[in-house]
Amino acid sequence: MNQCPHQKRRKADPARRLAYTALLAVETHGAYANLALADQLRAAKMTGRDAAFVTELVDGTSRGTGTWDRIIEVASRRNPTKLQPGVRVMLRMAAHQILAMRVPTRAAVASSVDLAGQVIGERVTGLVNAVSRRISTHSLDEWATEIGGRNAVDVLALRTLHPTWIVEAFQDRLGPNEVEDALLADNEPPVPTLVVRPGLAERAEIASGTPTRYSPWGVARPGNPSEVAAVREGRAGVQDEGSQLVVLALLRAAEASGCLGPWLDLCAGPGGKSALLAGLANQRDSSLTAVELHEHRADLVAKALKPIPGNHRVMTADGTRPPLPAQSFAAVLADVPCSGLGSLRRRPEARWRRTLTDVKELTQLQRRLLTSAVNLTRPGGVVGYVTCSPHRAETIDIINFARATLPVDVLNAPAMLPDIPNIAASGNSNTIQLWPHRHGTDAMFCALLRKRNESEAS
């Protein structure tokens, strides 16, 4: 097909074109932004400053999708869902560059128009040019105030690039004075955190890393984890410090109760916590059983456990009714499926894919899994209920359900991590709630439950 003269003259910036390709995969195929980005960078062999620019453009555009769409709707006087996907992506990229990056407006507009002409067609360049210019007439704060009006929560949601329902959920847990800090922390990508497997590696052997503040097994290290020999060999893995800390809390509670084994990880995939638990169990002459519903994730758990000495096993089974004898474990970890609202900083598009309906549906599963965990725990044993979400429905409400219906007592979980400040969860000070802005971790929740003996009164 012959190109018109204008098309022949347009030269799209390779970095922006790569970002557009990754974001289009996110928009049209439901790809994860980090995986789509990695695929494109690998294929283009792009590194250095160009790769950093692409990463910020992809992550930031994904992170702000809902805010950018609301601004685009006002600037274009069109519902963004009525625009073709490529144009939506292009305008979101322009909005992020203009409103959230240090890209001069003229460069952001011109590069967006050139890219649109090359990858979509000349017919859309006028629209992209006009809407991009209108976007540039206000700052992000000004757009938030204009669109949100007198609704303070909506203005905050727009300014911090979050859906309003998530802002409301965080404010419910933190109060109005601290919620903005939490939301802004969600927009700061974390440095990758590694974990050494107990008995297989030491933190000192991970070069260019900094020991984590609280976890005795963690190392914060910029760059690609696969560059680390211990990671390639399975003697270390990638795991947020918050995930390490909830395992530490469960370990200390189990030891304090004399629950040295056997242990169970009820929702084990992809295997990070299982590998840590297995290493700790082996050091105590005990063993771990790991249960995972999905076969491909069970394979990941088995791979993670392979280097760990000891008699550990992986089962592909439904955690709500696994083929295991009741009351057969001294300690059980129930790291339940959840909304993932605690890890939004590492999954930029997730905040726009989850809904409040998802949370309500997940809580039913969470109750069933916790009930199963308690049934599988011997009297006097300990259950660690863990979720990577601070939402009240997935945390405090689940523990209230357990207290009302299950033979358990809630232990003082913050006492298991005495060196970490301000970790007691609002709504139940015996439970733990970590936060990115307070602790530099994912927003992990942990409750430790002791199963009562039959002779004990409720």
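UniProt positions are given in the numbering used here, and annotations may be inferred rather than shown by experiment. With that in mind, begin the tour of this predicted model by selecting residues 155-452, where an unreviewed UniProt entry places the feature "domain: SAM-dependent MTase RsmB/NOP-type". Across this selection, helix accounts for 36% and strand for 20%. The C-alpha atoms at the two ends of the span are 48 Å apart.

Next, display the largest nonpolar core, which comprises 52 residues. Highlight Trp 217, Trp 263, Leu 280, Leu 417, Ile 432 and Leu 448, the members that touch the most other members. Then colour helix 14, residues 241-256: with nine residues, this helix gives the most to the core.

Centre the view on Leu 417. Setting aside residues up to four places away in sequence, Leu 417 touches Leu 245, Leu 248, Ala 249 and Arg 252, together with Ile 423 and Ile 432.

Another core, of 45 residues, lies apart from the largest one. To locate this second core, select Ala 12, Leu 37, Val 87 and Met 90, which are among its members.

Finally, select helix 9 (residues 140-148) and helix 10 (residues 152-160), whose axes come within 8 Å and cross at roughly 150 degrees. The crossing of helix 9 past helix 10 is right-handed. Show side chains on both sides of the contact: helix 9 contributes Leu 140, Asp 141, Ala 144, Thr 145, Ile 147 and Gly 148, while helix 10 contributes Asp 154, Val 155, Leu 158 and Arg 159. Coloured by character, the residues of this contact comprise five nonpolar, two polar and three charged.

How values were computed. Residues numbered from 1 in each chain as written. Predicted model: local features only at pLDDT ≥ 70, side-chain atom pairs only at ≥ 80, totals over all residues. Heavy atoms only, no water. Helix = DSSP H or I, 4+ residues; strand = E, 2+ residues; numbered from the N terminus. Core = buried A, V, L, I, M, F, W, Y, C linked by side-chain atoms within 4.5 Å. Buried < 20%, exposed > 50% of the residue type's maximum accessible area, 1.4 Å probe, protein only. Contact = heavy atoms within 4.5 Å. Axes fitted to C-alpha atoms, helices over the stretch in contact; angles between N-to-C directions. Left-handed = near helix turned anticlockwise from the far one by under 90°. Nonpolar A, V, L, I, M, F, W, Y, C, P; charged D, E, K, R; others polar.
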